[in-house]
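Morning, everyone. Please look at the model on the screen, and keep the sequence beside it.

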Amino acid sequence: MSDTSQKDSFLTALSYRLFGKAASRFKLLKQVYVQSGISMLYESYMALMLFAAMITFVVAFVIGALLHYFLFSLAVTQFVLAVLVLSAVASIIVIVMFVVYPLYRRKQMGAEIDSNLVYTTGYMEVLAAGGIPIERIFDRVIQVERHAAIRDSAKRLITDVKVFGLDVVSSLNDVIKHSPSEVFSKLLVGIINTLKTSGDLKGLLTFETERLLSMKKEQMKKTLNTLLGLGEVYIAGVVMGPVTFIIMITILSVMGTVAFGISPIMQLNLLVFLGIPMICLVFIIILNSALPQEE
């Protein structure tokens, strides 16, 4: 085991020993956490969050006290209040980061599954046509699936069946409980109902593949329309906008006008070396969020 793993295990064990009982009372985030795919136990994660918040509070209190002591001249009440507020804000930021991370991870995994599930169901349809049972289908999915979110769900089902000895329906229900994708959960519910009734997996997977393919076509149309709109925004904001401002600044400099006490040369430098890169960065972020999470 590496030194980093040993340190992580030590911190996890220490935080659980200190805050394990308190962490077990936080149930609001548990369902989201279960669907996020984080391997750490929920109670351990919550305990680590409280431990990190406590350490952050102490460190921020010491640093804030030193800064206020050497740099500011405040009354004792103001001094203590300022340090406490600084420490509390730092601790709250740490807690917010711990809370947001499972939400972000669940969203990313759900988007990855939704974007690529149609390919997986198509592969499962081919296997089901050969009469292969559902557990062997998921076993094959583990071997060929490139996307971690789908592969991990298949691994959970196989682990429940082969290691814990659960039946296929119970294992599928467990996968549904941990799935970050509503689309994938509905597919699994359909598989459960099919196993309990007709057993025609091929017919179900054929229908689901066609449905998901139709949904993907609609998604691609929406994405194309979004990209067309972003293209117009790019031309207006990144191409024409800076050119217009440069012309305006040049004309104002000829007229001897100084805006906000900043010379025209400085304004041009700020626009070219700061403004345009910032606009491009924002546009890249927007473009990345608009594109589907797909390989």
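I will go through a pocket, a core, a long helix and then three single residues.

First, the ground rules. This is a predicted model, where local features need pLDDT of at least 70, side-chain atom pairs count only at pLDDT 80 or more, and totals for chains, interfaces and linings use all residues. Residues are numbered from 1 along each chain as its sequence is written, and side-chain values use heavy atoms, with hydrogens and water left out.

Now the pocket. Rolling a probe the size of a water molecule over the atoms shows where empty space is left. A pocket here is an open set of points on a 1 Å grid over the protein atoms alone, where a 1.4 Å probe fits, with protein on both sides within 12 Å along at least five of seven lines. Lining residues have an atom within 4 Å of a point. How much space lies in the largest pocket? About 490 Å³, counted as the space filled by probe spheres set on the points. Its lining has 22 residues, and V34, G37, I38, R156 and H178 lie nearest the centre. Helices are DSSP runs (H or I, at least four residues), numbered from the N terminus. Those giving two or more residues to this lining are helix 2 (30-36), helix 3 (42-71), helix 4 (76-129), helix 6 (148-162) and helix 7 (168-178). Helix 2 gives the most, with five residues.

Next, the core. A nonpolar core is a set of buried Ala, Val, Leu, Ile, Met, Phe, Trp, Tyr and Cys residues joined through side-chain atoms within 4.5 Å. Buried means under 20% relative accessible area, exposed over 50%, partly exposed in between (1.4 Å probe, protein chains only). The largest core has 31 residues, and M124, I134, F138, L172, F184, L188 and I191 touch the most other members. Helix 4, helix 5 (134-144), helix 6, helix 7, helix 8 (182-196) and helix 9 each supply at least two residues. Helix 4 brings the largest share, seven residues.

On to helix 9, residues 201-254. The expected span is 1.5 Å times one less than the number of residues. For its 54 residues that should be 80 Å, and the end C-alpha atoms are 76 Å apart, which agrees. A kink of about 40° lies at M240, shortly before the proline P242. That bend is the angle between axes fitted to the seven residues ending there and the seven starting there.

Last, three residues. F57 is in helix 3. Buried or partly exposed? F57 counts as partly exposed, because its relative accessibility is 30%. F57 and S91 are 34 residues apart in sequence, and 5.4 Å apart in space, C-alpha to C-alpha. M215 sits in helix 9, partly exposed at 39%. A129 belongs to helix 4, partly exposed at 47%.
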